Amino acid sequence: MFDSVRDSVRATLEEIEQAGLHKPERVIGTPQSANVEVVTADGRPWGSPRSEAGEEVLNFCANNYLGLADHPEVIAAAHTALDRWGYGMASVRFICGTQEVHKQLEARLSAFLGQEDTILYSSCFDANGGVFETLLGPEDAVISDALNHASIIDGIRLSKARRFRYANRDMADLEQQLKEAVEGGARRKLIVTDGVFSMDGYVAPLDEICDLAERYDAMVMVDDSHAVGFVGPGGRGTPELHGVMDRVDIITGTLGKALGGASGGYVAARAEIVALLRQRSRPYLFSNTLAPVIAAASLKVLDLLESAGDLRERLNANTVLFRSRMIEEGFDVLPGDHAIAPVMIGDAAEAGRMAELLLERGVYVIGFSYPVVPQGQARIRVQLSAAHSTEDVNRAVDAFVDARAALRG
């Protein structure tokens, strides 16, 4: 059956390769941490001209913002949870897939994020995929930032709502789209934005968005995956940063980044919204429950966040150091103060080669190119972590300088 399409699929793969857009998947042979060992696909240590085979490299491409992915207390909580709750639920929530630990995590997330209720999903991609078609119909409108995450875009596509898009963080354009939605007779209006845009590190102006939402009687939804845990005075994300925790109606996020780095997502929102999602959200109703070990370990992460001020301070110091040194060395780093620091390269093949040269110099990063980012805007997205030392950050910058020289020949 597949023979009739094999040649066309191969041709597409060849086009991707020839355009320099192929995305190899490197394998790490150690726990996720500031230092990892990169191995080949068959498990052999990744050799390089500059280092002995199997030597650990600095990891600057993980979402492990607070360094909790291998935190001993989180690991201990996971071990305890395996003994207490078992490995998996083998069911969805409304059948026999809810344990006390799931309800405890939902309550803790609601309190932490300042929302009335929370519902867990197997991923934030599923969370975003389950919101729009549940809340919005053909008579409604969703107004989305142009740079929103793919999960938001796909979630909107699943709904029958009218779709409006505004230029990234452009409040004049957002207002224009809201006016058009009102003039079109939209019943419900939902503005949706990333809290932090993952490819750029830009932060959404939530205070201004909430002002417009109130003016045009719209709801506000924020995907805060790249903020919860370390953005804002208490790590509660961009709503806390902008002082609008009580004005945002829906917050989606992940447990797979700063909150331990495993998997799982959530929607924290008004009580009525969460109640409706429990009854109608398809990814929730038809996907297995979050593994209890992840739920229990996430509770320990939330405990740690209550005293994580030093981790947030260290992450901020590392971010400032990396950004300032890279700019001094003449690199084009997108402006901002987030731990996502995109180093702009432009050409996709050059970005990929730069990443290879950096790995040879003991720094593990990834080149991002189309379709993850627009064509001609290839970059190396560096992500700082509280687990990095000052020496680690300086070594990374020095490696960038050396790799650039090698790239230019």
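Trainee: How far apart are the mean positions of the positive and negative charges of the protein?

Mentor: They are 3 Å apart, taken over 40 positive and 58 negative charges. Please keep in mind that this is a predicted model.

Trainee: Understood. What is the radius of gyration, and what would a compact globule have?

Mentor: The protein has 22 Å, and this agrees with a compact globule because 409 residues would then give a value near 22 Å. Along the principal axes, the C-alpha atoms fill a box of roughly 60 × 55 × 50 Å.

Trainee: What percentage of the residues is buried?

Mentor: Of the 409 residues, 53% are buried. As for the surface, the protein exposes about 18200 Å², and carbon and sulfur atoms supply 50% of that area.

Trainee: Which share of the contacts joins residues at least 24 apart?

Mentor: The share is 70%, counted among contacts between residues at least 6 apart in sequence.

Trainee: Turning to secondary structure, how many helices and strands are there?

Mentor: There are 14 helices and 15 strands. Three of the strands form an open sheet with mixed pairing, in the order E2-E4-E13.

Trainee: Which strands are at the edges of that sheet?

Mentor: Strand E2, residues 35-36, and strand E13, residues 363-364, are the edge strands, and each pairs on one side only.

Trainee: And in which sense do E4 and E13 pair, parallel or antiparallel?

Mentor: Strand E4, residues 57-59, pairs with E13 in the parallel sense over 2 bridges.

Trainee: Which residue in E13 stands opposite Leu58?

Mentor: Val363 of E13 is the residue opposite Leu58.

How values were computed. Residues are numbered from 1 along each chain as its sequence is written. This is a predicted model: local features need pLDDT of at least 70, side-chain atom pairs count only at pLDDT 80 or more; totals for chains, interfaces and linings use all residues. Side-chain values use heavy atoms; hydrogens and water are left out. Helices (H or I, at least four residues) and strands (E, at least two) are DSSP runs, numbered from the N terminus. The radius of gyration is taken over C-alpha atoms; the globule rule is 2.2 Å times the number of residues to the power 0.38. Buried means under 20% relative accessible area, exposed over 50%, partly exposed in between (1.4 Å probe, protein chains only). Contact means heavy atoms within 4.5 Å. Accessible areas come from the Shrake-Rupley method with a 1.4 Å probe; for residues, only the protein chains shown count as cover. Lys and Arg count as positive and Asp and Glu as negative; His and the chain ends are not counted. The place of a charge is taken as NZ of Lys, CZ of Arg, CG of Asp or CD of Glu. Two strands pair if DSSP finds at least two bridges between them.
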